[in-house]
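Visitor: Could you walk me through reading a few features of a model? I would like the general idea, then the case at hand.

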Amino acid sequence: MTRERRQAYWKRNLRILLTLLAVWFVVSYGFGIILVEPLNNIKVFGFKLGFWFAQQGSIYVFVALIFIYVGIMNKLDREHDVHED
Amino acid sequence: MSVQAWTYLLVGLSFALYIGIAIWSRAAHTRDFYVAGGGVSPLANGMATAADWMSAASFISMAGLISFMGYDGAVYLMGWTGGYVLLALLLAPYLRKFGKFTIPDFIGDRYYSDTARLVAVVCAIFVSFTYVAGQMRGVGIVFSRFLEVPINLGVIIGMAIVFFYAVLGGMKGITYTQVAQYCVLIFAYMVPAIFISILLTGHFLPQLGFGADLKGTETFLLDRLDGLNTELGFAAYTDGTKSMIDVFCITAALMVGTAGLPHVIVRFFTVPKVRDARKSAGWALLFIAILYTTAPAVAAFARYNMIETINGADGQGALYSEAPSWIKTWEKTGLIKWEDKNGDGRMYYAKGDANEMTIDRDIMVLANPEIANLPAWVIALVAAGGLAAALSTAAGLLLVISSAIAHDLLKKVVMPNITEKQELLFARLAAAVAVVIAGLLGIYPPAFVAQVVAFAFGLAASSFFPAIFLGIFDKRANKQGAVSGMIVGIVFTASYIIYFKFINPGANNAENWLWGISPEGIGFIGMLLNFIVTYAVSHLTAPPPEHIQHLVEDIRVPRGAGAATHH
């Protein structure tokens with residue numbers, strides 16, 4: 001495998017990681033901690049929204065993020081021909 | 001059938017199952033013993049990881065903690081789940097591609113240094129022993145409360161079971177037992193939660209009942225709790241009392257610590273392929289999330305039930321003579337205490353002088369089925385679930401200790417010439433010795449067990465995570481950088497925790513803390529320091545040798561991961 005192709009794969013990988021980790025940060029540290037007070041003024045069902053993100057929502061997003069990552073990476077591995085048999 | 005008969009039956013059945021699995025999955029090679037031959041399916045590994053991860057503390061104590069902390073409990077909920085995102089995206093696939101057995105293996109090879117390897121071995125052993133002591137204690141407590149066996153005998157029975165499948169089966173035995181233990185523990189956690197959710201709110205799913213209105217009223221459960229908490233002098237349930245920076249740092253330290261815990265990372269060495277390691281982390285977090293999204297609901301239900309029972313529907317205090325039987329049962333264990341300060345024969349729970357109750361947080365899960373008047377078999381199920389949670393975590397930790405000693409220390413440093421057979425024997429011996437030490441720690445718990453949990457996460461966050469992360473993502477990171485970074489991270493974090501927890505506990509409050517960060521959250525700062533030092537020192541000294549740079553390039557692409565041995 002050539003150096004350029006390796007680097008192209010790695011660059012795409014880093015971009016995917018940054019995007020997904022940005023979401024990870026925003027739902028937990030953003031919505032659940034830093035913005036918790038303003039979000040608590042919004043009520044969904046019996047939950048104050050900030051509280052919901054801190055104790056429920058962020059966890060659901062975490063699970064989804066990993067499965068999305070798995071899907072994207074499986075595709076990327078094939079595109080760059082670095083997948084396992 | 002009585003509660004006790006049910007408990008003996010369910011606990012006995014679950015133990016027989018674990019032993020049966022252990023006999024079926026004996027380890028023949030060191031590869032079986034350390035990483036289950038690398039042939040575990042991602043789904044099974046996800047379940048095993050979930051059981052490995054969810055300890056006696058997650059099962060027994062967490063909901064109770066949240067119940068008393070309200071919003072602040074989010075540090076545990078996010079901290080102990082968010083780390084899996086870091087693990088899946090930043091560490092697991094690359095470590096699987098690297099394809100060896102342990103964390104010190106990776107750190108020692110990547111930084112071409114036995115010093116780095118030794119620092120990693122010492123951290124791995126320390127973190128694991130800290131953690132395992134609490135598990136054995138949990139086993140003893142469940143035995144003594146539900147089966148009325150003395151705590152010490154309970155610990156010995158627990159030791160015997162773990163000894164059997166950890167020493168015989170190694171990782172292979174542990175993995176398949178953990179799959180069974182996950183099923184037992186999640187069933188045991190969900191059944192009472194679902195019952196209580198239906199009773200209180202009419203919703204089947206606790207995650208929905210959590211945000212629903214109380215049955216027969218128009219008031220949301222959480223609004224009612226906010227009201228009750230404020231009336232009784234506590235902070236509103238959905239507000240909490242910790243400062244924002246402390247919540248931020250504790251959450252971060254727990255997340256990064258989780259991603260750096262050796263017994264969790266090593267589970268991703270057991271799957272056949274890189275893509276399985278990614279998927280497996282997803283399954284693991286899904287299985288963990290089932291319990292972790294239920295726990296805050298259980299916490300809220302339990303707090304509401306508790307206040308209503310003790311203070312009575314009118315909020316004036318319920319007559320002790322008419323108290324439900326669970327209050328009296330749990331009084332015997334010392335987990336609930338009532339002191340009739342004003343002599344009116346009524347119980348009263350509040351913040352401040354009017355309070356007459358002392359309530360241990362563990363009761364929120366252990367007594368939950370009784371509080372909600374659930375049938376005897378549900379109560380017995382909670383005992384079996386608590387044991388499954390404690391035993392599965394203990395076994396995973398013991399394996400880390402045994403492989404750190406037999407593989408990282410003996411084979412890699414002290415006597416490199418031993419054969420595989422001898423290494424396997426040493427691994428079994430080390431596991432056996434570790435079980436005995438863990439048991440002794442459970443029987444004679446050092447007074448500081450609860451204090452050192454912050455240590456386990458702080459150390460994992462400030463030592464392992466940056467070293468592994470930079471080992472993969474920064475080709476320039478070298479021996480000098482990693483060793484100095486780990487040492488700075490550990491020394492800073494450890495001194496901060498030791499100062500506030502042991503040397504000067506009186507000063508342990510927000511006024512004296514650095515930037516208002518508690519010892520629980522300081523691992524995050526330790527991690528940042530480690531990152532800065534490793535990066536700076538690496539870039540000021542010579543780059544790592546050619547073959548190490550090739551190694552890093554190689555682990556960055558999935559193709560060519562070592563084939564798994566068959567089962």
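Guide: In this predicted model, local features need pLDDT of at least 70 and side-chain atom pairs pLDDT 80 or more, while totals for chains, interfaces and linings use all residues. Residues are numbered from 1 along each chain as written, with chains lettered from A and ligands numbered from 1 in written order.

Visitor: In which hand does helix 6 of chain B cross helix 7 of chain B?

Guide: The crossing is right-handed (the near helix is turned clockwise from the far one by less than a right angle; anticlockwise would be left-handed). Helices are DSSP runs of H or I, at least four residues, numbered from the N terminus.

Visitor: What angle do their axes make?

Guide: Two packed helices are described by the angle and the distance between their axes. Here helix 6 (residues 103-110) and helix 7 (residues 114-146) of chain B pack at about 160°, axes 7 Å apart. That makes helix 6 of chain B roughly antiparallel to helix 7 of chain B (over 145 degrees). Among the contact residues are B:I107 of helix 6 and B:A120 of helix 7 (C-beta atoms, placed from the backbone, within 7 Å).

Visitor: What is the sign of phi at A:F45?

Guide: Most residues other than glycine have a negative phi. A:F45 has a positive phi of about 60° although it is not a glycine. A:F45 lies in the loop between strand 1 (43-44) and strand 2 (47-48) of chain A (strands are DSSP runs of E, at least two residues).

Visitor: Where is A:D81 found?

Guide: A:D81 sits in the segment after helix 3 (49-79) of chain A, and its phi is near 55°.

Terms used: Axes fitted to C-alpha atoms, helices over the stretch in contact; angles between N-to-C directions. Parallel < 35°, antiparallel > 145°, perpendicular 65-115°, else oblique. Contact = placed C-beta atoms within 7 Å.
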